[in-house]
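Reader: I keep meeting labels in structure descriptions and I never know what earns them. Could we go through some of them together?

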Amino acid sequence: MVFCLSSEEPRRPLRSDMVHFQASEVQQLLHNKFVVILGDSIQRAVYKDLVLLLQKDSLLTAAQLKAKGELSFEQDQLVAGGQLGELHNGTQYREVRQFCSGSGHHLVRFYFLTRVYSEYLEDVLEELTYGPAPDLVIINSCLWDLSRYGRCSMESYRENLERVFVRMDQVLPDSCLLVWNMAMPLGERITGGFLLPELQPLAGSLRRDVVEGNFYSATLAGDHCFDVLDLHFHFRHAVQHRHRDGVHWDQHAHRHLSHLLLTHVADAWGVELPKRGYPPGQPFPPHEFFNYNPVEDFSMPPHLGCGPGVNFVPGPLPPPIPGPNPHGQHWGPVVHRGMPRYVPNSPYHVRRMGGPCRQRLRHSERLIHTYKLDRRPPAHSGTWPG
């Protein structure tokens, strides 16, 4: 695989095809859908904003974003860990949350991860195997992987990425859409409780390690025909919405993230989205959200040999994990994983699986249909088991 950046062709401005969803439209899009979100505190905020947006058109408060392991958030329930156990910043921290709407037509679950693949993740996959089958899985793990597991953390991260994508292929049903959220850009200084005092020397290199980790995660996700949402690219010029700790983001950023994610999901499911201008009363229009800050530099790390006009051939990825499905390919996905209709202008050009993936679309491809979101309530089609 060759990664190319050329200085001859100027980069186009960011396209603003994102739809700004209202709560009623999110309810329709995710009607009778089981959504599973896995990851760190950033992914927990993704979960919280989605739960809030399924109920009302308002933003998270600063207190809600900061809260960790609380017994209840906006009608959800803490299932395990958090305040039911011990609150700490160690790698054994656990937190499982779940939201089930009053109508029973929306189920959203969150698992806190401190490593992208582990024995705990196998326990999570076992739960998903014997419980309701998820329709949408949103996952990311990067910062903990690269900062808490020793000097060889990047090599371990790459190996664990391969493991997790193979296992997701084996466990998730073909109808499930998996979206890999790439890690968001870090600040130059990282403060607060994320990095323990003895890990503070890593702060300077961690933001570059995240860029490298993002490259490998996007590459492997694409190789397995999973979808990739490049949040690092989308938020590289929105640093005014990042908290002072250099890691977390404000409520405006997370609502913007939700719109990006839901637009991506709707496109994958073939949903025709409503056409309208930017809704009044929102805190900022798109052109104000992305204010370029020339101080920020999110270029690829120098040791990757990437720059204007440079062809980058990355080092070999870890060998596939042996198992019943060594190549980790689905045999009839309902959605076109890893093959979006529109490829955004992004520094991460993931290789698309042109031949085999397309040839393996069987009769289940006919399940893809296009329908419109409107303000009428969706037809009743069953409730979640109690």
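Reader: What makes you say that V124 is in contact with L38 and Y111?
Author: This is a predicted model, and the contacts are computed from its atoms. Contact means heavy atoms within 4.5 Å; leaving aside neighbours within four places in sequence, V124 is in contact with L38 and Y111. V124 itself sits in helix 4, residues 119-130.

Reader: Why is V124 called buried?
Author: The cut-off for buried is under 20% relative accessible area. V124 has 1%, so it's buried.

Reader: Okay, now the strands. How do you know that strand 2 pairs with strand 5 and strand 6?
Author: A pair needs at least two bridges. Strand 2 has seven bridges to strand 5 (residues 106-112) and four to strand 6 (residues 136-139), so both count as pairs. Each of these pairings is parallel. To find your way around, look for V36 opposite R109 in strand 5, and V35 opposite L136 in strand 6.

Reader: Which residues of strand 2 point one way, and which the other?
Author: K33, V35, I37 and G39 go one way, while F34, V36 and L38 go the other. That fits a general pattern: in a regular strand, side chains alternate between the two faces of the sheet. Here both sets are buried, and seven of the seven residues in strand 2 carry that label.

Reader: Which residues touch the most other members of the largest nonpolar core?
Author: They are L30, I37, V108 and F235, in a core of 47 residues. Among the elements giving two or more residues to this core are helix 1 (23-29), strand 2 and helix 9 (251-268). Apart from it lies another core, of 40 residues, including Y117 and C142.

Reader: What about D40: why does it have no salt bridge?
Author: A salt bridge needs a side-chain nitrogen of Lys or Arg within 4 Å of a carboxyl oxygen of Asp or Glu. For D40, the nearest side chain of opposite charge is R44, at 8.1 Å, so the cut-off of 4 Å isn't met. D40 is buried all the same, in the loop between strand 2 and helix 2 (41-53). The side chain of D40 does reach the backbone nitrogen of I42, at 3.1 Å. Among the residues D40 touches are F110, N140 and W144.

Reader: And what makes R255 and D49 a salt bridge?
Author: Their side chains meet at 2.9 Å, N to O, and the limit is 4 Å, so they qualify. R255 lies in helix 9 and D49 in helix 2, so the pair ties together parts that are 206 residues apart in sequence. Both partners are buried.

Reader: How do you know that R97 forms a salt bridge with E70?
Author: The closest N and O atoms are 3.8 Å apart, so the pair still falls within 4 Å. R97 lies in strand 4 (residues 95-100) and E70 in the loop between helix 3 (62-66) and strand 3 (77-81), so the pair joins parts 27 residues apart in sequence. R97 has another salt bridge, to D76, at 2.8 Å.

Reader: Are R97, E70 and D76 buried or exposed?
Author: Buried: R97 has 0% relative accessible area, E70 has 11% and D76 has 4%. The label applies because the cut-off is under 20%. R97, E70 and D76 also belong to a network of salt bridges that includes R44, K48 and E95.

Terms used:
Residues are numbered from 1 along each chain as its sequence is written. This is a predicted model: local features need pLDDT of at least 70, side-chain atom pairs count only at pLDDT 80 or more; totals for chains, interfaces and linings use all residues. Side-chain values use heavy atoms; hydrogens and water are left out. Buried means under 20% relative accessible area, exposed over 50%, partly exposed in between (1.4 Å probe, protein chains only). Lys and Arg count as positive and Asp and Glu as negative; His and the chain ends are not counted. A polar contact is a pair of N or O atoms within 3.5 Å; within protein, one must be able to donate a hydrogen and the other to accept it, and residues adjacent in sequence count only if both atoms are side-chain atoms. A nonpolar core is a set of buried Ala, Val, Leu, Ile, Met, Phe, Trp, Tyr and Cys residues joined through side-chain atoms within 4.5 Å.
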